[in-house]
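Colleague: Could you take me through one part of this model in detail, the place where chain A and chain B meet? I'd like one connected walk-through rather than a list.

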Amino acid sequence: MQQTETTVTGARTFPPLGPKTNSIQQVRYVCAIGAMHSASAIPWVIPITHCGPGCAEKQFGSLAMCNGFQGGGYGGGAVVPSTNISESEVVFGGENRLRELIRASLKILDAELFVVVTGCIPDLVGDDAAAVVREFQDEGVPIVLAETGGFKGTNFTGHELITRAIIDQYVGDYAGERTPGVVNVWSLLPYHNTFWQGDLSEIKRVLEGGGLKVNILFGHESEGIPEWKRIPQAQFNLVLSPWLGVQTAQHLENKYGQPFLHLPAIPIGADETSSFLRTVVKFAGIDPAPAEEFIRKEELTYYHYLEGFGEFYSEYFWGMPAKFVVIGESAYALALTRFLINDLGLMPGGQFITENPPEEYHEAIRREFQTIASDVVTDVAFEEDSHRIHTLIRQSDFGQKPPIILGTTWERDLAKEMRSAIVEVGFPASYELVLSRTNVGYRGAIALLEKIYTTVVSGTA
Amino acid sequence: MRINLDTPVVESREQRLGTIIAWDGKASELSKQSEYARKSCSSGCGEKGRRLCEMKGPFTQGSVCSEQMVECQAGNIRDAVLIQHSPIGCGAGQVIYNSIYRNGLAMRNLPVENLRLISTNLKEQDMVFGGVDKLEQSIRDAWERHHPKAIFIATSCATGIIGDDVDGSARKLEGELGIPVIPLHCEGFMSKHWSTGFDATQHGIMRQIVRRNPTKQEDLVNVINLWGTDVFTPMFKELNLRVNFVVDLATVEDLAQMSEAAATVGFCHTLSSYLAAGLEQEFGVPEIKAPQPYGFPGTDAWLRELAKVTHREELAEAYIAKEHARVAPRIAELRELLKGKKGFVSTGSAYAHGIIAVLRELGVEVDGSLVFHHDPIYDSEDPRQDTLAHLVDNYGDVPSFSVSNRQQYQFYGLLQRVKPDFIIIRHNGLAPLASRLGIPAAPLGDEHHALGYQGIINLGETILEILSHKKFHEDLAAHVTLPYKKWWLDQGDPFLLVKGE
């Protein structure tokens with residue numbers, strides 16, 4: 001794998017680094033079984049894990065605790081059943097053990113749907129987990145299977161496997177009418193994106209403000225399984241991310257003839273959010289009047305606060321960073337970069353896409369960054385290994401002031417070294433407590449300004 | 001039961017010690033069944049630990065694996081690198097143990113930094129064709145990036161199954177790089193309890209790092225611990241002894257000089273058993289054969305044994321007397337403040353025995369405890385280390401004493417049995433349930449918090465602090481739904497589905 005030269009701003013070019021290797025130091029995504037969090041992110045759904053004894057705990061400790069201290073919720077964390085595979089299941093197979101665990105889970109746990117996920121071991125020794133799960137499905141038990149062996153993909157691709165498993169094995173066929181004005185939203189990866197709960201709430205609020213009825217599907221604002229059952233009845237699917245969810249939407253298009261709207265950039269700030277809402281409302285073909293009224297009110301509030309911010313932004317005495325670096329998964333990296341360039345007038349100092357998106361989406365993602373603004377040249381680097389990312393940043397020249405770093409816990413040492421302000425906006429954010437906070441839409445943009453500039457100001461004296 | 005350093009693979013806890021992960025009864029009964037201090041080991045004790053009746057059931061929740069303990073030990077050595085030879089998912093632990101490493105460094109007043117763990121990031125084709133090329137690449141990357149003093153390799157379930165020759169690669173690269181390259185065999189499925197991961201790390205360190213021709217340092221004492229506050233240096237100063245903290249936050253040189261020490265101690269036999277016994281057997285460094293340093297009798301005996309081995313009896317007696325006098329008044333006050341309070345201890349095995357002792361020193365009732373596993377014996381086989389017998393003999397029985405490897409579904413029933421005012425925990429996963437039931441928890445992230453004489457005071461103060469959180473937890477409890485079915489919650493017996501084998 002030869003590293004391509006990475007340009008960052010118009011003026012600067014990163015010097016070539018040695019070739020990429022397989023090594024990943026300081027992980028920024030996990031394996032497919034980590035997507036068990038997409039199951040527990042649906043109200044009253046509990047994953048059942050068929051894997052080694054540490055897999056479930058490790059994914060939980062990493063994604064849900066040391067990442068915003070979000071907590072496991074109803075059916076996640078230490079609640080999650082696991083076969084805790086031992087040597088005998090490796091040698092003799094683990095199907096009986098899985099069957100036994102599912103039966104016991106039905107007795108002990110109260111869930112509207114169980115999602116069985118598999119780890120490396122059953123996928124290597126060849127357990128027929130599908131056959132075991134089918135036995136329960138035949139009995140009418142609400143249960144589905146997603147084969148998420150760790151070597152098969154990331155928690156992003158695992159998310160689509162789980163989503164698809166629920167649609168195909170539980171939601172099932174549908175040939176009825178679709179309800180105008182109803183939208184299914186496919187956006188941020190639950191738990192991995194530290195702010196997913198607050199962000200999905202804000203996205204839902206904005207869409208509802210425009211007169212749409214929203215199946216948000218993940219998080220406490222979803223109705224849970226009844227909402228998933230209604231997926232086929234929605235008028236259309238909205239994919240709000242550069243690539244995650246596109247496969248799901250394509251599948252739904254094939255399966256139910258349901259159209260989809262793909263908007264790669266999650267909106268942050270009034271300009272983006274108002275324009276986002278207008279686009280969706282237009283696609284839905286519903287009356288634009290409620291949306292316009294909503295936009296008017298939201299912008300009043302937004303610009304009220306922005307005016308206050310403007311006083312600070314224009315005359316704060318002690319200097320302000322001019323550049324920023326973003327290191328994160330593509331959805332957030334794109335959304336944040338757009339906002340910081342277009343709304344704040346900051347200069348990009350490096351954008352790193354770290355979730356290893358499937359190769360076929362790279363070009364489209366790159367294009368999104370390149371077309372953010374006509375007067376600013378931006379590009380992205382697809383890098384997963386933090387050692388490489390940090391080396392590239394260290395080699396950069398940021399001019400007279402260090403950039404703001406919007407990144408993760410892995411950048412704390414680097415920020416200290418560079419005297420940069422660091423805002424932990426993605427996995428892992430081990431020094432942030434995140435409950436309902438959002439960085440997107442109207443409200444999130446204001447909260448994001450507060451966070452970024454509190455960090456900047458509190459680091460000054 | 002000799003420790004065998006000839007093979008690269010450590011013998012698991014269940015093989016060496018007869019470790020169990022599910023049991024329910026009285027502490028006195030478990031102590032009796034363990035046949036440790038209670039009986040002469042000539043009767044009925046086999047070569048490999050003791051055979052205890054273990055329970056097994058159909059329902060289990062996610063446990064913890066040996067590889068995680070390797071991450072938290074070998075991955076927290078300051079000038080080494082740990083390679084995780086695995087698909088990327090095992091790398092999730094990097095986040096958890098980084099958080100621990102950073103905060104541990106801060107507690108110890110060392111420069112805070114990220115840990116150095118590298119995943120070989122194995123993919124589907126590697127499962128077919130093998131992953132040793134990637135392993136060797138990552139070892140070379142580790143060398144180029146950090147020039148570490150040692151490189152550890154953690155195996156994974158996947159590499160164990162596909163049979164990668166990790167030992168061969170390690171040998172090859174060790175020759176090439178001129179530093180120890182140490183394979184640690186820690187496949188999660190190989191042991192039912194994660195503490196085997198401690199042993200795997202310690203096994204590799206003894207095989208490849210500890211100095212073979214030591215120059216003795218008569219005032220140096222190995223302290224096998226994690227990342228806790230340095231409470232040992234002030235204590236050892238009184239005895240003219242110096243501390244060598246291992247394994248977490250140590251340097252490779254600290255590990256190498258373990259063979260030069262005058263003695264080895266630990267804060268918890270679960271963690272220190274293998275290394276301390278190995279150092280004695282292979283390098284002649286005596287392990288302090290005493291109860292753990294918790295509560296007055298335990299700390300007294302521990303200090304006296306340490307003093308005997310290092311020939312500092314007079315200093316120790318003076319220190320013991322001074323400390324008893326110093327802590328007595330506040331402990332008397334704390335006993336008043338904590339009168340009538342009930343506590344529940346759910347931590348690792350030997351550690352729980354120590355913590356229960358401290359709670360009883362404080363006059364707190366402890367009618368229940370859950371330990372994540374039970375070792376019927378430790379590697380030394382010395383009855384003076386029988387921590388459970390020490391607890392029962394000095395502080396009385398614990399009526400509800402359960403072994404359960406962090407099974408939250410059983411924890412509900414265990415709490416109902418004894419209705420504690422607070423719980424004490426070390427691993428995650430149980431306090432969230434207690435909180436939803438209105439019960440506050442004291443998480444002992446600093447494992448030295450309750451150690452020694454001052455530890456009795458520390459724990460008492462912490463309990464007062466967390467009891468005041470009760471308001472929060474009770475409010476929460478009134479507003480949450482548990483994921484367990486009513487049928488299960490109504491069962492009196494948390495071990496209903498679990499049967500003896």
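Modeller: Here is a walk across the contact between the two chains, with a few backbone details at the end.

Keep in mind that this is a predicted model. Chain A puts 65 residues into the contact and chain B puts in 69. A common way to give the size of an interface is the accessible area lost when the parts come together. Here the area buried between chain A and chain B comes to about 5,400 Å², and carbon and sulfur atoms give 58% of that. On the chain A side, the residues that lose the most area to chain B are Asn22(A), Lys58(A) and Ile108(A), together 14% of what that side buries.

Lys58(A) is worth a second look, since it also forms a salt bridge with Glu67(B), with the closest N and O atoms 2.4 Å apart. Five salt bridges are found across the interface of chain A and chain B, along with 37 residue pairs in polar contact. As for what chain A brings to the contact, the elements that give two or more residues include β1 (24-25), α2 (55-65), α4 (95-108) and α16 (412-418) of chain A. The largest share comes from α4(A), with eight residues. Sorted by class, the chain A side that touches chain B has 31 nonpolar, 20 polar and 14 charged residues.

Strands take part as well: β1(A) pairs with β4 (residues 117-119) of chain B in the antiparallel sense, over two bridges. Within that pairing, Gln25(A) has Ile118(B) as its bridge partner.

Now for the backbone. Most residues other than glycine have a negative phi, and most peptide bonds are trans. Against that background, Trp44(A) has a positive phi, near 65 degrees, and sits in the loop between α1 (36-40) and β2 (45-50) of chain A. Its relative accessible area is 35%, so Trp44(A) counts as partly exposed. Tyr191(A) also has a positive phi, near 70 degrees, and is found in the loop between β5 (179-186) and α8 (196-209) of chain A. Tyr191(A) is at 4% relative accessibility, so it counts as buried, the cut-off being under 20%.

There are cis peptide bonds to check too. One joins Phe427(A) and Pro428(A), with omega about -5 degrees, and Pro428(A) lies in the loop between β13 (422-424) and α17 (441-458) of chain A. Another joins Val246(B) and Val247(B), with omega about 5 degrees; Val247(B) is part of strand β8 (residues 242-247) of chain B.

Conventions
Residues are numbered from 1 along each chain as its sequence is written. Chains are lettered from A and ligands numbered from 1 in the order in which they are written. This is a predicted model: local features need pLDDT of at least 70, side-chain atom pairs count only at pLDDT 80 or more; totals for chains, interfaces and linings use all residues. Side-chain values use heavy atoms; hydrogens and water are left out. Contact means heavy atoms within 4.5 Å. Buried area is the accessible area (1.4 Å probe) that two parts lose on being put together, summed over both. A salt bridge is a side-chain nitrogen of Lys or Arg within 4 Å of a carboxyl oxygen of Asp or Glu. A polar contact is a pair of N or O atoms within 3.5 Å; within protein, one must be able to donate a hydrogen and the other to accept it, and residues adjacent in sequence count only if both atoms are side-chain atoms. Helices (H or I, at least four residues) and strands (E, at least two) are DSSP runs, numbered from the N terminus. Ala, Val, Leu, Ile, Met, Phe, Trp, Tyr, Cys and Pro count as nonpolar, Asp, Glu, Lys and Arg as charged, and the others, Gly among them, as polar. Two strands pair if DSSP finds at least two bridges between them. Buried means under 20% relative accessible area, exposed over 50%, partly exposed in between (1.4 Å probe, protein chains only).
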